[in-house]
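I opened this entry to keep track of what I looked up in the model. The notes follow the order in which I went through it.

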Amino acid sequence: CGLLSAIRKNIVSVSGSQNYVEQQNRYWSAQQQETLPACRVTPKNAVDVAISLLVTKYLDCPFAVKSGGHAAFAGASNIQGGLAFDLSSLRQVEVSRDRAVTKVGAGNRWVDVYSKLDPLGLSVIGGRVADIGVGGLTLG
């Protein structure tokens, strides 16, 4: 966490900080809330994700990734003593000019995607439960 914090200070939250505590309390399951990572990383863009993953690889640091945080078992989207990625800042929903392609950020929940596309008369194949995270449902 120290190296990553030095490189990308504005995306790292350490145990005891307000942001760390708030993110811990956003999990759906108690098991996930009780799992305590060494730090939490909230990437703002693809560069933040890439640099963070390079650091975890370089240091052989275990990590978990949270999109919506609805997994019911410890270790699914949180990790004890490792680095927990929280994708909640990656929430873009961009529709192409020809309306044929939509780019969806992994930090969205399906309700966010549907709310953006519905007024445009568009939709996507996604989750039936609107509050589920895009990243977790998409990647399993």
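**Entry 1: strand pairing.** I am working from a predicted model. I started at S13 and asked which residue is its bridge partner in β2. The partner is R40. I then checked the two strands around that pair: β1 and β2 (residues 39–41) run antiparallel and are joined by 3 bridges.

At the other end I looked up F63, whose bridge partner in β4 is L83. Here β3 and β4 run parallel, with 4 bridges between them.

**Entry 2: the sheet as a whole.** I wrote down the strand order as β1-β2-β4-β3, an open sheet of 4 strands with mixed pairing. Which strands stand at the edges? They are β1 (12–14) and β3 (63–66); each has a single partner strand, so one side of each lacks a neighbour in the sheet. I noted an average turn of 25° between neighbouring strands, direction ignored.

I also checked the faces of β3. A64 and K66 lie on its covered face, while F63 and V65 lie on the uncovered one.

**Entry 3: the helix on the sheet.** Next I looked for what packs on the sheet and found helix α4 (residues 46–59), which touches β2, β3 and β4 (83–86). The direction of α4 makes about 165° with that of β4.

**Entry 4: nonpolar cores.** I listed the largest nonpolar core, which has 8 residues: L4, I11, V12, C39, V41, V55, L83 and F85. Which elements give two or more residues to this core? I found β2 and β4.

I picked V41 from that list and looked up its contacts, leaving aside neighbours within four places in sequence. V41 is in contact with L4, I11, V12, S52, L83, A84, F85 and D86. I then noted a second, separate core of 5 residues, among them W110, V113, L117 and V134.

**Entry 5: helix α5.** I looked up which residues of α5 (residues 110–117) are buried and got W110, V113 and L117. They span an arc of only 65° around the axis, which means that they sit on the same side of α5. I added a reminder for myself: an α-helix has 3.6 residues a turn, so residues three or four places apart point the same way. For the cover over the buried residues of α5, I recorded β5 (93–95), β6 (102–104) and α6 (134–139) as included.

**Entry 6: cysteines.** How many disulfides does the structure hold? I found 1. C1 and C39 form the disulfide, with sulfur atoms 2.1 Å apart. I recorded -90° about the S-S bond, so I entered the link of C1 and C39 as left-handed. The pair links distant parts of the chain, 38 residues apart: C1 lies in the segment before α1 (2–7), and C39 lies in strand β2.

I compared the two ends for burial. C1 has 31% relative accessibility and therefore counts as partly exposed. C39 has 0% and therefore counts as buried.

That left C61, and I asked why its sulfur is not in a bond with C1. The closest cysteine sulfur to that of C61 is in C1, 6.2 Å away, which is too far for a bond; the cut-off for a disulfide is 2.5 Å. I also noted that C61 is partly exposed, with a relative accessible area of 22%.

Technical notes
Residues are numbered from 1 along each chain as its sequence is written. This is a predicted model: local features need pLDDT of at least 70, side-chain atom pairs count only at pLDDT 80 or more; totals for chains, interfaces and linings use all residues. Side-chain values use heavy atoms; hydrogens and water are left out. Two strands pair if DSSP finds at least two bridges between them. Axes are lines fitted to C-alpha atoms, for helices over the stretch in contact, and angles run from 0 to 180 degrees between N-to-C directions. Contact means heavy atoms within 4.5 Å. A nonpolar core is a set of buried Ala, Val, Leu, Ile, Met, Phe, Trp, Tyr and Cys residues joined through side-chain atoms within 4.5 Å. Buried means under 20% relative accessible area, exposed over 50%, partly exposed in between (1.4 Å probe, protein chains only). The arc is that of the directions from the helix axis to the C-beta atoms.
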